[in-house]
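Subject: Structure handover

Hello,

Please find the structure below. My notes on the ligand site, one helix and two single residues follow.

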Amino acid sequence: MNRRYRKTIIAGNWKMNKTASETRAFADEFKALLPKSKWCDIVVCVPSADISAAVRAFKDSRVAVGAQNVYFEKSGAYTGEVSADMLADLGVKYVIVGHSERRALFGETDSIVNKKVHAVLNADLNPIICVGESLEQREMGVTMELIALQLKSALSGVSAEQVRRCVIAYEPIWAIGTGKNATGEQAAEVCTFIRATIRSLYGARIARSVTVQYGGSMKGENAAELLSHEDIDGGLIGGASLKADTLMAIIHAANQN
Ligand code: PGA
């Protein structure tokens, strides 16, 4: 992390877990554990059906609510989809875009991810843009090439002013939900490369202001080590964000650096 130039952001990604009632119960428990001092930004990305409950439950706290997906069109005949304006109107602040589960299970291409990034930015929200390689790609030695491609494609047409509002999450697919996190060195190598890629596109001043997270089996036990690296500015957390105490353990780890 480097708090001087950019935000440290700890973001939970609940995926398709918790009802609205369970969301309220989580919020009560989590708010009671929140430390008084603010050493990082906290986001909880909930399922669409829980957004209203989450916004209400976290009102008057420093926890921002995020969404896990969005559709890129503004409105119209797109049965089942939710627009960025709808999310903004509900009080959402962040939207995860291009998560590997959406890429793999719902056919999201780099081009769709790019359209969604624009939709999120145009609604004055902050995209959390996910990039990451599969185990096969890592073993083939094409990780950096793939990350550069995903990142450049996601940011295509995004202005320098807008990119300051983007969060990049490096999520190696082989580390997601597997309990096997990337080592600090592996994660830092790619996060540093992500910042270098942003630098090549937008210049040094902007690159140093962008938050780059690591995601993939992050938990209380490994968070401090991961976050001790200069270019890892937070985490996108799945499994460990489902319980108030395990998410809070990561927030405390962020304070050790
Ligand atoms: P995990 O998920 O922490 O359960 O590995 C991370 C993610 O998918 O964002």
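**Ligand site**

Of the 13 residues around the ligand, the ones that come nearest are K15, H99, E171, G177 and S217; a residue is near a molecule if one of its heavy atoms lies within 4 Å of it. This is a predicted model, in which local features need pLDDT of at least 70 and side-chain atom pairs count only at pLDDT 80 or more, while totals for chains, interfaces and linings use all residues. Residues are numbered from 1 along each chain as its sequence is written, and side-chain values use heavy atoms, with hydrogens and water left out.

Three polar contacts (pairs of N or O atoms within 3.5 Å) involve E171, G177 and G239. E171 contributes a polar side-chain atom, 2.7 Å from an oxygen atom of the ligand. For G177 a polar backbone atom is involved, with a ligand oxygen atom at 2.7 Å. G239 likewise has a polar backbone atom 2.8 Å from an oxygen atom of the ligand. The protein buries 95% of the 280 Å² that the ligand exposes when taken alone; accessible areas come from the Shrake-Rupley method with a 1.4 Å probe.

**Helix α1**

Helices (H or I, at least four residues) and strands (E, at least two) are DSSP runs, numbered from the N terminus. Helix α1 covers residues 20-33, and its end C-alpha atoms are 20 Å apart, which agrees with the 20 Å expected for 14 residues at 1.5 Å a residue; the expected span is 1.5 Å times one less than the number of residues.

Which residues of α1 are buried? They are T23, F26, A27 and F30, where buried means under 20% relative accessible area, exposed over 50%, and partly exposed in between (1.4 Å probe, protein chains only). These residues cover an arc of only 105 degrees around the axis, which puts them on the same side of α1; the arc is that of the directions from the helix axis to the C-beta atoms. D28 and A32 are exposed on the other side of α1. The cover over the buried residues includes β2 (41-46), α2 (51-58), β3 (63-67) and α12 (244-254).

**A54 and M1**

A54 is in helix α2 and counts as buried, because its relative accessibility is 0%. Leaving aside residues up to four places away in sequence, A54 touches T23, V46 and V65; contact means heavy atoms within 4.5 Å.

M1 sits in the segment before β1 (9-13). Its relative accessibility is 11%, so M1 counts as buried.

Regards

How values were computed. Polar contact = N/O pair within 3.5 Å; in protein donor to acceptor, adjacent residues only side chain to side chain.
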